[in-house]
Amino acid sequence: MTRDMPDASRRLEHMDELVSLCARRGFIFASSEIYGGINGFWDYGPLGVELKNNLKSLWWQRVVREREDVEGLDSSIISHPRTWEASGHVEHFSDPMVDCRTCKRRFRADQTDEACPEAPSQRRVSECDLTEPRNFNLMLQTRLGASEDAASLAYLRAETCQPIFTDFKRVRESARQKLPFGIAQIGKAFRNEINPRNFTFRSREFEQAELEFFCHGSEREKWFQHWLEERLAFHRGLGFDADHLRTRPHDSDELAHYARQAVDVEFLFPFGWQEIEGIHDRGDWDLSRHSEYAGKDLGVTDLETKERFVPMVIETSVGIDRTCLALLCHAYRVETLAEGDERTVLRLHPAVAPIKAAVLPLSKKLADPARAIQSELRRHFNVFYDEAGNIGRRYRRQDEAGTPFCVTYDFDSQEDGKVTVRERDSMAQDRVAVDGLAAYLRERLERTD
Ligand code: GAP
């Protein structure tokens, strides 16, 4: 085994570096880019969609498939508008905003400490000629059908969980579940954020993976702790270092209108500690409100005690885009190598890496046997083939894409039936028999140390 360890490495310092890598390599780029983009909307390219799908599959596996007490759901994005009146979003889901009388721009009232984008010198927003704060509802609206009257108004969901509450009775009865149990879904949510920023961190269209876990009031604390620990274990399993992950309980004055208790899971981004997931005790707020607004009893009866009650809800709500962003920020390294060269590498956990292995023939003359290896391997993993450019440059391209293994087919391979497998982080190389290559890669991809 040969080794070429980097001499020095540095982490991501400025988001611009990552934004440019993501666009250049097709992870994430501005939506409608040819029209100059649209603020707060992002497209995931070939590498980005693999990263995102890997993350969603891991979540679904852990939260739904590995448990008997959680059922899955895929609801529509648009619900009956009464849903959002009952949930409190029509009334409460707003940010206090101020308008600048000079430049006519609108800012969040809690972000006036920042530099005004219109001011030539570094003047702060708070120093501008501002109106009094006014509440601005964050739900995106649309119209259904041909008429433009109030009855046609509908909302794009601001969180994925509300349909879970309105479907609670149907899912519980059809899946023959008893309390405690949960319903989970992954899907798009929409918020008319006033200041979308920090790349995908605060977007107007984003994906959430949410679990609503229904239990008796006497067990709410137990399940809150259970899910908090479970979700932290999930994030640690994605490879985040302990010093980049923390929990932050909410003060009582920052709790959302539905929450009795909340803890954020935060990640240390280059722009500071920020929330990637929220664990909330929502009490019986949602089911009680939907019972009231729909005129349908969403309570349950304990078959042993005959007690009739509205279940309490413990929620885990993780942003898929934010977690992808955290994974990319955490993985990013610029390394100075022994020969004085530099490489940019994404040290992504193999479970989320978009491409698991790249097959690289040393010469185009070796394309046929190398293609045959790729065809065999792609039955197991997402495998890329690249024969363009010198081998060093091809390694660098895969390092930037976060590919854990490169498989090189050389002229000796034809004689000894072996290939060189290079590992991304250590750049250590191993000679491996083609016959056992898929098993070898699987074992190394699944290794957790
Ligand atoms: N159902 C509860 C709920 O929606 P939230 O704290 O508003 O709670 C949960 O959102 C998660 O959704 C956040 O931790 C974050 O990861 C993600 N999220 C919320 N707003 C977002 C936005 N504008 N852009 C990207 N992700 C967002």
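In the predicted model, helix H8, which spans residues 285–294, contains the buried residues Asp286, Leu287, Arg289, His290 and Ser291. The cover over these buried positions of H8 includes helix H3 (82–86), helices H5 and H6, strand S11 (205–215) and strand S14 (272–283). Immediately after H8, Gly295 adopts a positive phi of about 70 degrees.

Two of the helices that cover H8, namely H5 and H6, are also the elements that flank Asp167. This residue occupies the loop between H5 (162–166) and H6 (168–174). The relative accessibility of Asp167 is 26%, and because buried means under 20% and exposed over 50%, Asp167 is classed as partly exposed. When residues up to four places away in sequence are not counted, Asp167 touches Leu73 and Ser75. Between Asp167 and Ala358 the sequence separation is 191 residues, and the C-alpha to C-alpha distance is 44 Å.

The protein as a whole comprises 13 helices and 24 strands. Its C-alpha trace spans about 75 × 70 × 45 Å along the principal axes. Of the 449 residues in the protein, 51% are buried. Among contacts with a separation of 6 or more, 66% are between residues 24 or more positions apart.

The largest nonpolar core has 57 residues, of which Leu18, Phe27 and Trp59 touch the most other members. Helix H9 (residues 320–331) gives the most to this core, contributing eight residues. A further core of 21 residues lies apart from it, and its members include Ala367, Phe381, Tyr409 and Leu441. For Leu18, with neighbours within four places in sequence left aside, the contacts are Leu12, Leu325, Leu328, Cys329 and Tyr332.

The packing of H9 was examined against two other helices, H1 and H2. Two packed helices are described by the angle between their axes and the distance between the axes. For helix H1 (residues 15–24) and H9, the axes come within 11 Å and cross at roughly 105 degrees. Angles of 65 to 115 degrees count as roughly perpendicular, and H1 and H9 are therefore assigned to that class. In this pairing, Met15, Leu18 and Cys22 of H1 meet Leu325, Leu328 and Cys329 of H9. The contact of H1 with H9 consists of six nonpolar residues, with no polar and no charged ones. Leu18 thus appears both in the contact with H9 and among the residues of the largest nonpolar core that touch the most other members.

Helix H2 (residues 46–65) packs on H9 at an angle of about 115 degrees, the axes being 10 Å apart. H2 and H9 are therefore also roughly perpendicular to each other. Their crossing is right-handed. On the H2 side the contact is made by Leu51, Lys52, Leu55 and Lys56, and on the H9 side by Ile320, Asp321, Thr323, Cys324, Leu327 and Leu328. The residues of this contact divide into six nonpolar, one polar and three charged. Leu328 of H9 takes part in the contact with H2 and in the contact with H1.

Notes
Residues numbered from 1 in each chain as written. Predicted model: local features only at pLDDT ≥ 70, side-chain atom pairs only at ≥ 80, totals over all residues. Heavy atoms only, no water. Core = buried A, V, L, I, M, F, W, Y, C linked by side-chain atoms within 4.5 Å. Buried < 20%, exposed > 50% of the residue type's maximum accessible area, 1.4 Å probe, protein only. Helix = DSSP H or I, 4+ residues; strand = E, 2+ residues; numbered from the N terminus. Contact = heavy atoms within 4.5 Å. Axes fitted to C-alpha atoms, helices over the stretch in contact; angles between N-to-C directions. Parallel < 35°, antiparallel > 145°, perpendicular 65-115°, else oblique. Left-handed = near helix turned anticlockwise from the far one by under 90°. Nonpolar A, V, L, I, M, F, W, Y, C, P; charged D, E, K, R; others polar.
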